[in-house]
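Student: Got a minute to go through this one with me? I'd like to start with the cysteines, then move on to the sheet and the helices.

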Amino acid sequence: MSVSDAQSPARNHDAGETNTTAPAATAGAVETAGKGHRAVGADRAARELELRRGEFELAARLGHIRTITTAGATTAGSTAGTTQGRRQVTRQEIDRLRAAEGFPDTLRERVRTVGTAEGAALMPVSPGRFTQLARSGFLVPVRFYLNRYRAVVWLYLADELRSFAAREPALLTGRFPRPLRAGLEAGEDWRPRNWRGRRIGQLLRESGDPWERAAIAGCVLDPVQLAELVADPYERACLERLRPDLGHGRPESEAARTAVQRLLVADHPDEIQWHRASLDTLLTAARHTRPAPRPGDSPPHAGSPARRYDGTGPAAAPAPGPTGPAPGPAAVAHEPARAGGHRGLLTRLRVRRERAHRARGQGAVVRR
């Protein structure tokens, strides 16, 4: 495994995952689960599906395994029975997966992650070419981890790498396009941004609570940006209580925490602008639903029914405007190859260059 373990978006060059990393078929919906649903916990479900715990979590995150959230198991301070509750899997879902052709190998392969060396061999390209494609945003990480030297190691879905190689053979050989080389020489690296976009997109699809969705959209903004957009201290406190843990746990050492923290905060002007717009849109929707809790307010009722993520549609009707991770290069990586071959690629590169110029002009305004 190499640089990272594990939707702004993959080098969509125009999009941000926000939906860039997860297959379209995995978009999920939060639904009420009937009382008749028998469910088991995540550990037991993983054993019955013959998956390691990390594989199970990734499969659920990508929508390959439909989960429910039990009622009354929300995080302290939560304003509603939302996706922060304890995840379970119904017996019906386990039976469906076990009856699928090729079980369990097919399910395992869908969530198999690889690093740089193994990923390059799959495509196949040299490790150097693989890193160029990843840094340029064409390959979107699904996870990351810190190795023993506290270096970030990015991991990618094997299925996505094979699909990209089949769609974009022109990018696998020959001289790397000059605009992309210029970006790499300037230190451009889309991997953190694309991972953030993908992760936020996954969380938004799983959540049906307006305040939780607003907290997800704003979790990658630094405190100064957040305070500019959310002047009410009670609303900021509510968003902080519902803030998701994008980093999957807290590293033990201070150096490791610092390394991970750098990956959790939006750091590019157009990415920041996108998340600000998303937060503004979702915050407006949340305020129309109910106000943020104030001191003395009664706690939320825990009697709401369990909610199920069944992978059939959007988690909630999104408010108008941006609601996902900032657009990024990954879009190109996740689009079918367009007619026109190199001409289509050059057109996308020209559009990307023009957008970069506009983003630099907007960056000064965002920073002020």
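**Cysteines, sheet and helix packing**

Student: How many disulfides does the count come to?
Tutor: Zero disulfides. Keep in mind that this is a predicted model.

Student: Is Cys-219 buried or exposed?
Tutor: Buried. Cys-219 has 3% relative accessibility, and the cut-off for buried is under 20%.

Student: And what is the relative accessible area of Cys-238?
Tutor: 0%, so Cys-238 is buried too.

Student: On to the sheet. What is the strand order?
Tutor: The order is 6-8-7, in an open sheet of three strands with antiparallel pairing. Strand 6 and strand 7 are the edges, each pairing on one side only.

Student: Which helix packs on the sheet and touches strand 7 and strand 8?
Tutor: Helix 13, residues 254–263. Its direction makes about 155 degrees with that of strand 7. Helix 2, residues 53–62, lies across strand 6, strand 7 and strand 8. Helix 2 runs at about 145 degrees to strand 7.

Student: Back to strand 8. Why is it largely enclosed by the rest of the structure?
Tutor: Because five of its six residues are buried. Strand 8 covers residues 152–157.

Student: How many bridges link strand 6 and strand 8?
Tutor: Two, in the antiparallel sense. Strand 6 is residues 113–114. Thr-113 sits opposite Leu-157 of strand 8, and Val-114 sits opposite Tyr-156.

Student: What about strand 7 and strand 8, how many bridges there?
Tutor: Four, again with the strands running antiparallel. Strand 7 spans residues 143–146. Arg-143 has Leu-155 in strand 8 as its bridge partner.

Student: How many residues lie between strand 7 and strand 8 in the hairpin?
Tutor: Five. In that turn, Arg-150 has a positive phi of about 65 degrees.

Student: New topic: helix 9 and helix 14. At what angle do they pack?
Tutor: About 15 degrees, with the axes 12 Å apart. Helix 9 is therefore roughly parallel to helix 14, as angles under 35 degrees count that way.

Student: Left-handed or right-handed crossing?
Tutor: Helix 9 passes helix 14 in a left-handed crossing.

Student: Which residues in helix 9 and helix 14 meet?
Tutor: From helix 9, Arg-193, Arg-196, Ile-200 and Leu-204. They meet Asp-270, Glu-271, His-275 and Leu-282 in helix 14.

Student: And where are those two helices in the sequence?
Tutor: Helix 9 is residues 191–206, and helix 14 is residues 269–289.

Methods: Residues numbered from 1 in each chain as written. Predicted model: local features only at pLDDT ≥ 70, side-chain atom pairs only at ≥ 80, totals over all residues. Heavy atoms only, no water. Buried < 20%, exposed > 50% of the residue type's maximum accessible area, 1.4 Å probe, protein only. Pairing = 2+ DSSP bridges. Contact = heavy atoms within 4.5 Å. Axes fitted to C-alpha atoms, helices over the stretch in contact; angles between N-to-C directions. Disulfide = S-S within 2.5 Å. Parallel < 35°, antiparallel > 145°, perpendicular 65-115°, else oblique. Left-handed = near helix turned anticlockwise from the far one by under 90°.
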